[in-house]
Amino acid sequence: MTKNNRDLPGALLAWYNRHARRLPWRAPPGAKPDPYRVWLSEIMLQQTTVVTVGPYFERFVARWPSVQALAASPLEEILTEWAGLGYYARARNLHRAAQMVTDKFDGRFPDDEAGLKSLPGIGDYTAAAIAAIAFDRPAAVLDGNIERVTSRLYAITEPLPGVKPVLRRLVAEITPRQRPGDFAQAMMDLGAMVCQPARPRCLLCPLVRFCEGSAQGIAAELPRKAAKKARPTRHGIAFWITDEQGRVLLRKRPEKGLLGSMTEIPSTDWREDKPSQNAAANAAPLALDWSPLQGRVRHVFTHFSLELEIWSADVEGSAAPEGTFWCRLDDLGNQALPSLMRKIVKHVLTAK
DNA sequence: TAACCGTGGCA
DNA sequence: TTGCCAAGGTT
């Protein structure tokens with residue numbers, strides 16, 4: 001490191017003035033950010049790429065332009081609009097938080113980290129990010145990008161997540177009083193475009209003269225992370241049941257847990273052991289004459305992989321059993337169907 | 001603390 | 001094909 005880190009924020013902000021990404025949720029330079037849009041984008045961006053979030057963000061702000069509008073919406077409509085984005089607790093918490101802001105905070109978002117963290121779905125990172133970006137507070141923002149940038153800047157070789165408090169302290173030291181929101185976004189843009197995970201482009205980096213990791217030639221190896229657990233495979237059988245009107249039988253999942261509150265194609269439990277034919281027949285919502293379809297539907301969740309076999313059957317004049325409902329095929333787009341379920345629909349409709 | 005919680009793109 | 005990773009939070 002050839003320069004005192006006192007010069008680091010200025011060097012980064014000068015780079016950001018030229019290279020900032022233009023993103024739908026960013027206010028134009030000089031304009032005041034809308035806390036609602038900042039909050040909504042930060043929730044969507046949790047563990048989710050900028051490219052994926054873009055269209056979802058646009059649809060949400062078009063349909064719900066304010067936190068009050070979102071609070072007044074039925075949760076089901078929010079889940080339907082969120083379908084495909086993943087981590088569905090975010091959508092449930094989004095709705096609850098909107099109602100808290102509307103009812104308890106007089107329609108205004110809290111403007112400091114502690115207040116923001118009292119809202120469901122907002123943790124350390126998101127509270128700091130909103131405080132800095134929307135309210136110009138010099139909060140220490142630490143996301144995956146900034147963990148990587150900072151661990152390289154200071155050549156931190158201890159593994160994540162244990163070393164996180166150290167990184168947060170270092171970020172707090174270099175966060176400026178002026179333009180803290182731009183500083184945080186600049187660090188994230190730098191991590192996304194220059195200080196990339198496998199291939200840091202140190203030749204292009206505005207901070208290379210401050211970077212101990214680059215000086216030591218170990219930047220690409222940082223940050224170190226604890227080993228990850230193996231991902232088991234679970235198995236199940238899903239039931240594609242259609243009636244004489246061409247409708248399909250659906251079911252709402254339990255409120256919490258995996259794919260909580262979303263709509264599903266009925267199925268057996270998903271376990272590491274494949275269900276027996278008998279157990280599957282007993283788990284089906286109706287007792288029918290089943291035809292197993294060709295092939296399997298595979299899907300990968302965070303902590304397990306899933307392989308589903310599909311059993312198909314037709315039924316005439318049957319009332320939907322408790323907890324299930326009929327849905328016309330052309331209405332499937334209006335259901336809160338997560339990606340796995342859309343994958344099943346596609347598999348069935350192309351196999352038949 | 002560590003397990004749980006989605007999805008899609010890319011090397 | 002497999003593992004890694006992305007503007008993490010909750011319990």
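Buried area here means the accessible area, taken with a 1.4 Å probe, that two parts lose on being put together, summed over both. The structure is a predicted model, in which local features need pLDDT of at least 70 and side-chain atom pairs count only at pLDDT 80 or more, while totals for chains, interfaces and linings use all residues. Residues are numbered from 1 along each chain as its sequence is written, chains are lettered from A and ligands numbered from 1 in the order in which they are written, and side-chain values use heavy atoms, with hydrogens and water left out.

Chain A splits into domain 1 (4-221) and domain 2 (233-351), with bounds that come from an automatic or database domain assignment. Taken over C-alpha atoms, the domain centres sit 37 Å apart. Contact, meaning heavy atoms within 4.5 Å, draws in eight residues from domain 1 and 17 residues from domain 2. About 780 Å² is buried between domain 1 and domain 2, and carbon and sulfur atoms give 54% of that area. On the domain 1 side, Thr80, Tyr88 and Arg92 lose the most area to domain 2, together 54% of what that side buries.

What holds charge across this boundary? Domain 1 and domain 2 share one salt bridge, a salt bridge being a side-chain nitrogen of Lys or Arg within 4 Å of a carboxyl oxygen of Asp or Glu. The partners are Glu76 and Lys252, with their closest N and O atoms 3.1 Å apart. Between domain 1 and domain 2 there are also four residue pairs in polar contact, both residues at pLDDT 80 or more. A polar contact is a pair of N or O atoms within 3.5 Å; within protein, one must be able to donate a hydrogen and the other to accept it, and residues adjacent in sequence count only if both atoms are side-chain atoms. On the side of domain 1 that touches domain 2, helix α5 (residues 75-82) gives the largest share, three residues. Helices (H or I, at least four residues) and strands (E, at least two) are DSSP runs, numbered from the N terminus. By class, that side of domain 1 has four nonpolar, two polar and two charged residues. Here Ala, Val, Leu, Ile, Met, Phe, Trp, Tyr, Cys and Pro count as nonpolar, Asp, Glu, Lys and Arg as charged, and the others, Gly among them, as polar.

Next comes the DNA. DNA strand C is surrounded by 23 residues, of which Gly121, Thr126, Asp143, Asn145 and Arg148 are the closest; a residue is near a strand if one of its heavy atoms lies within 4 Å of it. Sugar or phosphate holds 64% of the strand C atoms within 4 Å of the protein, and the rest belong to bases. Each part of the strand has a polar partner to show. Glu42 places a polar side-chain atom 3.0 Å from a base nitrogen of DNA strand C. For Asp143, an N or O atom in the side chain is 2.8 Å from a sugar or linking oxygen of DNA strand C, and for Arg148 the side chain has an N or O atom 2.5 Å from a phosphate oxygen of that strand. Helices α8 (124-135) and α9 (144-153) are the elements that give two or more residues to this surface. Its residues fall into eight nonpolar, eight polar and seven charged.

Around DNA strand B there are 19 residues, with Leu259, His299, Thr302, His303 and Ser339 coming nearest. Of the strand B atoms that come within 4 Å of the protein, 62% are sugar and phosphate. A polar backbone atom of Tyr87 is 3.0 Å from a sugar or linking oxygen of DNA strand B. His303 brings an N or O atom of its side chain to 2.4 Å from a phosphate oxygen of DNA strand B, whereas Ser339 uses a backbone N or O atom, 2.8 Å from a phosphate oxygen of that strand. Two or more residues of the surface near DNA strand B come from each of β5 (297-300) and α14 (339-351). The surface near DNA strand B has nine nonpolar, nine polar and one charged residue.

A few backbone details round out the picture. Leu160 and Pro161 are joined by a cis peptide bond, with omega about 5°, and Pro161 is in the loop between α9 and α10 (164-174). Another cis peptide bond joins Leu222 and Pro223, with omega about -5°; Pro223 is in the loop between α12 (212-216) and β1 (233-242). Asp106 is not a glycine, yet has a positive phi of about 60°, and lies in the loop between α6 (89-103) and α7 (113-117).

Over the whole structure, a search finds 19 salt bridges. One of them pairs Asp189 with Arg21 at 2.8 Å, N to O. Asp189 lies in helix α11 (residues 180-193) and Arg21 in the loop between α1 (8-19) and α2 (35-44), so this pair ties together parts 168 residues apart in sequence.
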